[in-house]
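Here's a quick back-and-forth for anyone who likes to see a label justified. Have a look at the structure, then we'll go through the reasoning.

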Amino acid sequence: MRLQGRVRKWLASVVSAAALLLVLPGPATADGSRRLVGNQLNLHQCVYLPFPGVNYLTTLVPSRDGRFTTGTATSATADGNRSCGPGDGNFEPLHPLASVQSLDLSTGRYLNLHQCVYYSAAQRDHITTVIARGGSDFSTGTNISNTPDTAPECAAGRGLYYLVPLLSDVKALDLSAGRYINLQQCMYYYGAGGFDNHFTTFVPARGDGRYNTGTKVSNTADTAPTCGGGNGNYRVVPLLSGTLALSRT
């Protein structure tokens with residue numbers, strides 16, 4: 001009788017485990033179970049600078065033309081080195097702003113994505129950063145936590161570049177809300193008076209709906225970015241904007 005009871009308990013545990021596997025999202029393997037890609041979110045922040053000139057350009061999502069690719073992905077392992085496209089022959093990745101941050105998605109409920117935007121009036125130029133690495137003067141508070149962050153954490157900037165609070169913000173992405181982290185990149189451009197300026201947003205700019213993005217967690221993989229219309233001077237560059245649907249399964 002004891003043996004039969006143990007067998008029943010064992011069968012119950014097997015059935016429960018099988019049921020759990022069946023409800024996990026993601027592509028099924030040959031045996032009907034679900035395969036995990038991994039819990040590491042590797043954010044590759046690729047910051048480019050032209051030579052000669054000053055016009056910083058930041059990507060986390062590969063551009064549609066393939067010249068400004070990034071290695072941003074989910075994986076079973078943490079990336080130690082950045083992976084950035086070569087640029088277009090004029091724009092090239094700039095160290096240390098171009099760097100990588102690996103985040104363990106299993107350590108908390110929220111991906112707190114901090115966006116810090118800096119501006120130089122003298123250069124008429126913006127710098128956008130998202131990761132907590134890439135130079136202490138432009139670092140951010142991006143993290144995984146069980147608590148949603150409500151205010152951006154940004155370094156003060158350096159030299160001619162100072163923080164722009166209106167364009168900086170944090171978005172707390174609830175990882176339990178769906179299978180995909182839809183990371184959206186909206187690139188804007190303005191050129192006048194001999195100055196060229198690219199400006200990137202990954203989360204909606206605080207209090208300024210002109211530079212919205214559709215970054216979110218969902219059970220649906222986004223295939224196109226949702227970008228604000230800009231302010232009339234800064235306009236979206238479709239070729240350099242994009243979306244990346246990141247899944248752990």
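Q: What makes the disulfide of Cys116 and Cys154 left-handed?
A: The sign of a torsion. This is a predicted model, and in it the torsion about the S-S bond of Cys116 and Cys154 is about -90°, so the disulfide counts as left-handed.

Q: How do you know that Cys116 and Cys154 form a disulfide at all?
A: Check the sulfurs: the S to S distance is 2.0 Å. The cut-off is within 2.5 Å, so the pair qualifies as a disulfide. The link joins distant parts of the chain, with Cys116 in strand 6 and Cys154 in the loop between strand 8 (143-145) and strand 9 (162-163), 38 residues apart.

Q: Why is Cys116 called buried, and what is Cys154 called?
A: Cys116 has 0% relative accessibility, and buried means under 20%, so that label fits. Cys154 comes out at 24%; that falls between the 20% and 50% limits, so Cys154 is partly exposed.

Q: What makes Cys46 and Cys84 a disulfide?
A: Same kind of test: S to S is 2.2 Å, and the limit is 2.5 Å, so the pair passes. Cys46 sits in strand 1 and Cys84 in the loop between strand 3 (73-75) and strand 4, which puts the partners 38 residues apart. The torsion about the S-S bond is about -90°, so the disulfide of Cys46 and Cys84 is left-handed.

Q: Is Cys46 buried or exposed?
A: Buried, because its relative accessible area is 0% and the label needs under 20%.

Q: How do you know which parts of the chain Cys186 and Cys227 tie together?
A: Look up where each one lies. Cys186 is in strand 11 (residues 180-192) and Cys227 is in the loop between strand 13 (216-218) and strand 14 (235-236), so the pair ties together parts 41 residues apart in sequence. The sulfurs are 2.1 Å apart, and the torsion about the S-S bond is about -90°, so this disulfide is left-handed. On accessibility, Cys186 has 0% and counts as buried, while Cys227 has 26% and is partly exposed.

Q: What is the pairing of the bonded cysteines in sequence order?
A: The structure holds 3 disulfides, and numbering the bonded cysteines along the chain gives 1-2, 3-4, 5-6.

Q: Why is Gln101 called buried, and what does its side chain do?
A: Its relative accessible area is 9%; under 20% is what buried means, so Gln101 gets the label. Gln101 lies in strand 5, and a polar atom of its side chain is 2.7 Å from the backbone nitrogen of Ala132. The cut-off for a polar contact is within 3.5 Å, so the distance fits. Among the residues Gln101 touches are Leu41, Leu43 and Thr142.

Q: What makes the phi of Arg124 worth a look?
A: Phi is near 50°, a positive value in a residue other than glycine. Arg124 lies in the loop between strand 6 (110-120) and strand 7 (125-129). Its relative accessible area is 41%, so Arg124 is partly exposed.

Q: Where are cis peptide bonds found?
A: One runs from Phe51 to Pro52, with omega near -5°, and Pro52 lies in the loop between strand 1 (40-50) and strand 2 (57-59). Another joins His95 and Pro96, where omega is about 10°; Pro96 lies in the loop between strand 4 (91-93) and strand 5 (99-104).

Technical notes: Residues numbered from 1 in each chain as written. Predicted model: local features only at pLDDT ≥ 70, side-chain atom pairs only at ≥ 80, totals over all residues. Heavy atoms only, no water. Helix = DSSP H or I, 4+ residues; strand = E, 2+ residues; numbered from the N terminus. Buried < 20%, exposed > 50% of the residue type's maximum accessible area, 1.4 Å probe, protein only. Polar contact = N/O pair within 3.5 Å; in protein donor to acceptor, adjacent residues only side chain to side chain. Contact = heavy atoms within 4.5 Å. Lists of a residue's contacts leave out its neighbours within four places in sequence.
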